Amino acid sequence: MNGLIIFFIYLVLINSGSFIIMGVDKRRAKKRGRRISEKTLWLFIVIGGSIGGYFGMKRFRHKTKHSQFVYGIPAVMIVHILLISGSIYLNK
């Protein structure tokens, strides 16, 4: 398989996972259940799940009062976009 296809599949999976764990953590917060740590949420966001984390935050209205998420996720998303754009540019 082409490396670009593998990378695309990875991004789809990690962003889906990031979106899902935002929803799971929100549901657990409402039910006062065992929560997913912020460290785990950030791990998913930093390793490529920033878009999924952002949409999960918006969709589930989760972590929207935490400035580290409100400003941090879009900042990580911009870094991801720049890295991917730069990589594509350099590999032409």
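Below, a colleague new to this structure asks a modeller how to read its features.

Colleague: Before we zoom in, what kind of model is this?

Modeller: It's a predicted model, so keep that in mind throughout.

Colleague: Okay. How many helices and strands does the chain have?

Modeller: Start with the elements, then look at their order. Here you'll find 3 helices and 0 strands, and reading along the sequence gives the pattern α-α-α. Helix α1 covers residues 3-30 and helix α2 covers residues 38-60, while α3 spans 67-90.

Colleague: What box do the C-alpha atoms fill?

Modeller: Taken along the principal axes, the box is roughly 50 × 30 × 20 Å. It also helps to compare separation along the chain with separation in space. Take I88 and K30: they sit 58 residues apart along the chain, and their C-alpha atoms are separated by 42 Å. I88 belongs to helix α3. Now take G23 and H62, which are 39 residues apart along the chain, with 7.8 Å between their C-alpha atoms. G23 is part of helix α1.

Colleague: Is G23 buried or exposed?

Modeller: For burial, look at the relative accessible area; under 20% is called buried. G23 comes out at 10%, so it counts as buried. I88, at 48%, is partly exposed. Over the whole chain of 92 residues, buried ones make up 29%.

Colleague: Now the aromatic rings. How is a pair of them described?

Modeller: You give two values: the distance of the centres and the angle of the planes. In this structure there are 3 aromatic pairs. One of them is F19 with F60, a tilted pair with 5.1 Å centre to centre and 50° between the planes.

Colleague: Which parts of the chain does that pair link?

Modeller: Distant ones: F19 is in helix α1 and F60 is in helix α2, 41 residues apart. Both rings are at partly exposed positions, F19 with a relative accessible area of 29% and F60 with 25%.

Colleague: And why is the pair of Y54 and F55 called edge-to-face?

Modeller: Check the angle, since planes over 60 degrees apart count as edge-to-face. The planes of Y54 and F55 stand at 75°, with the ring centres 5.6 Å apart, so that's the edge-to-face case. Y54 is partly exposed at 24%, and F55 is partly exposed at 48%.

Colleague: Let's do charges. How many salt bridges does a search of the whole structure find?

Modeller: It finds 2. For each salt bridge, look at the N to O distance, then ask where the partners sit. R35 bridges to D25, with the closest N and O atoms 2.9 Å apart. R35 is in the loop between α1 and α2 and D25 is in helix α1, so this contact ties together parts 10 residues apart in sequence.

Colleague: Where do R35 and D25 stand on accessibility, buried or exposed?

Modeller: R35 is partly exposed at 39%, whereas D25 has 0% relative accessibility and counts as buried.

Colleague: What about K63 and E38?

Modeller: Their side chains meet in a salt bridge at 3.1 Å, N to O. K63 is in the loop between α2 and α3, and E38 is in helix α2, so the pair ties together parts that are 25 residues apart in sequence. With a relative accessible area of 10%, K63 is buried, while E38 is partly exposed at 29%.

Colleague: Which residues gather in a patch of positive charge on the surface?

Modeller: To read a patch, list its members and then place one of them. The positive patch here brings together R27, R28, K31 and R34. K31 is in the loop between α1 and α2, and with a relative accessible area of 66% it is exposed.

Colleague: Last one. Which residues make the nonpolar surface patch?

Modeller: That patch consists of L4, F7, Y10, L43, V46 and I47, with an area of about 550 Å². Then ask which elements contribute: α1 and α2 are the ones giving two or more residues. I47, for instance, is in helix α2 and is partly exposed, with a relative accessible area of 38%.

Definitions and conventions:
Residues are numbered from 1 along each chain as its sequence is written. This is a predicted model: local features need pLDDT of at least 70, side-chain atom pairs count only at pLDDT 80 or more; totals for chains, interfaces and linings use all residues. Side-chain values use heavy atoms; hydrogens and water are left out. Rings of Phe, Tyr and Trp (its six-membered ring) pair if their centres lie within 6.5 Å; planes under 30 degrees apart count as stacked, over 60 as edge-to-face and the rest as tilted. Helices (H or I, at least four residues) and strands (E, at least two) are DSSP runs, numbered from the N terminus. Buried means under 20% relative accessible area, exposed over 50%, partly exposed in between (1.4 Å probe, protein chains only). Patches are made of residues with over 30% relative accessible area and no salt bridge: like charges are joined within 9 Å, nonpolar side chains (Val, Leu, Ile, Met, Phe, Trp, Tyr) within 5 Å. Accessible areas come from the Shrake-Rupley method with a 1.4 Å probe; for residues, only the protein chains shown count as cover. A salt bridge is a side-chain nitrogen of Lys or Arg within 4 Å of a carboxyl oxygen of Asp or Glu. Lys and Arg count as positive and Asp and Glu as negative; His and the chain ends are not counted. The place of a charge is taken as NZ of Lys, CZ of Arg, CG of Asp or CD of Glu.
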